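Take a look at the model below. This report starts with single residues and then moves out to the whole chain.

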Amino acid sequence: MPTSPVTASHSASNGAPPAIMLELVDEHGTTIGTAEKLAAHQPPGQLHRAFSVFLFDERGRLLIQRRALGKYHSPGVWSNTCCGHPYPGEAPFAAAARRTHEELGVSPSLLAEAGTVRYNHPDPESGLVEQEYNHLFVGMVQGAPDPDPEEIGETAFVTPAELAERHAAAPFSAWFMTVLDAARPAIRELTGPAGGW
């Protein structure tokens, strides 16, 4: 991972995995503190900053991913292109671009902010709670993804109709429809009316 002033402070020097810290926020998205990642997701959940990315190819198809089976939260389910949490003090836009490259091996182009959405989604499988103030981003992707197998089981580019078929047939993340619906105005602006989003 590239080292920046933010990421350098999150590296462990003793060889142990560093504690991943999240930024806690109030209902208006104002930072009020930090919490360790797993602790923030324990019921009832602590409201924290997150981001969700939706990337499209030149044909207007959405890039989705199936989360790796080894992930502790929502393993093996389909979700949007990329989602995650900024480090404390890291801008959501920078975190979205960084994490997309780390997970998918591609950098988004024309990445743009698409608003925010606040939700509370318990995950019945893990018992964890997604209590998030989520920053949304839409953009384009050029080139084939090269996903990190520890993060992603597989990827697919889908049309709206293909997404509906997959969503009816396979499990998706608890937050997927919430973030997709919230991002739709920006997605339609990006893909145009013919895209069907």
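## A buried phenylalanine and its surroundings

In this predicted model, Phe176 is buried, with a relative accessible area of 0%. That is under the 20% cut-off, so Phe176 counts as buried. Phe176 also has an aromatic partner, Phe172. The two rings form a tilted pair, 5.0 Å centre to centre, with 50° between the planes. Phe172 has 12% relative accessibility, so Phe172 counts as buried too.

Both rings touch a serine. Ser79 is in contact with Phe172 and Phe176, leaving aside its neighbours within four places in sequence. Its other contacts counted this way are Ile64, Gln65, Arg67, Ser173 and Trp175. Ser79 sits in strand 5, which covers residues 78-79. With a relative accessible area of 1%, Ser79 is buried. Ala164 is 85 residues away from Ser79 in sequence, and their C-alpha atoms are 13 Å apart in space.

Now to Met177. Met177 belongs to helix 5, residues 176-191. Is Met177 buried or partly exposed? At 30% relative accessibility, Met177 counts as partly exposed. Beyond its neighbours within four places in sequence, Met177 is in contact with His167 and Arg184. Met177 and Asn80 are 97 residues apart along the chain, yet 9.2 Å separates their C-alpha atoms.

## Aromatic pairs

How many aromatic pairs does a search of the whole structure find? The search finds three. Phe93 and Phe137 form one that is edge-to-face. Their ring centres are 5.8 Å apart, and the planes make an angle of 75°. An angle over 60 degrees counts as edge-to-face, which is why this pair gets that label. The pair links distant parts of the chain. Phe93 lies in helix 3 (residues 92-104), Phe137 lies in strand 8 (residues 129-140), and 44 residues separate them. Their surroundings can be compared by accessibility. Phe93 has 38% relative accessibility and counts as partly exposed. Phe137 has a relative accessible area of 2% and is buried.

Here are the relative accessibilities of several residues.

| Residue | Relative accessibility | Class |
|---|---|---|
| Phe93 | 38% | partly exposed |
| Phe137 | 2% | buried |
| Phe172 | 12% | buried |
| Phe176 | 0% | buried |
| Gly105 | 35% | partly exposed |
| Leu110 | 65% | exposed |

## Loops and backbone

Gly105 is found in the loop between helix 3 and strand 7, and strand 7 covers 109-122. With a relative accessible area of 35%, Gly105 is partly exposed. Which residues does Gly105 touch, not counting those up to four places away in sequence? They are Thr100 and Asp146. Asp146 is 41 residues from Gly105 in sequence, but their C-alpha atoms are 4.8 Å apart.

Two backbone details come next. Most residues other than glycine have a negative phi, and most peptide bonds are trans. Leu110 has a positive phi of about 55°, although it is not a glycine. Leu110 is in strand 7. At 65% relative accessibility, Leu110 counts as exposed. The peptide bond from Pro43 to Pro44 is cis, with omega near 5°. Pro44 is in the loop between helix 2 (37-40) and strand 3 (48-56).

## The whole chain

Step back and view the full fold. The chain has five helices and nine strands. Their order along the sequence is α-β-β-α-β-β-β-β-α-β-β-β-α-α.

What radius of gyration would a compact globule with 197 residues have? The value would be near 16 Å, and the chain has 16 Å, which agrees. Along its principal axes, the C-alpha trace spans about 50 × 35 × 35 Å.

Buried residues make up 48% of the 197 residues. The accessible surface comes to about 9,400 Å². Carbon and sulfur atoms account for 55% of that surface.

Contacts reach across the sequence as well. Among contacts between residues at least 6 apart in sequence, 65% join residues at least 24 apart.

Last, the charges. The chain has 13 positive and 23 negative charges. The mean positions of the two sets are 3 Å apart.

Definitions and conventions
Residues are numbered from 1 along each chain as its sequence is written. This is a predicted model: local features need pLDDT of at least 70, side-chain atom pairs count only at pLDDT 80 or more; totals for chains, interfaces and linings use all residues. Side-chain values use heavy atoms; hydrogens and water are left out. Helices (H or I, at least four residues) and strands (E, at least two) are DSSP runs, numbered from the N terminus. The radius of gyration is taken over C-alpha atoms; the globule rule is 2.2 Å times the number of residues to the power 0.38. Buried means under 20% relative accessible area, exposed over 50%, partly exposed in between (1.4 Å probe, protein chains only). Contact means heavy atoms within 4.5 Å. Accessible areas come from the Shrake-Rupley method with a 1.4 Å probe; for residues, only the protein chains shown count as cover. Lys and Arg count as positive and Asp and Glu as negative; His and the chain ends are not counted. The place of a charge is taken as NZ of Lys, CZ of Arg, CG of Asp or CD of Glu. Rings of Phe, Tyr and Trp (its six-membered ring) pair if their centres lie within 6.5 Å; planes under 30 degrees apart count as stacked, over 60 as edge-to-face and the rest as tilted.
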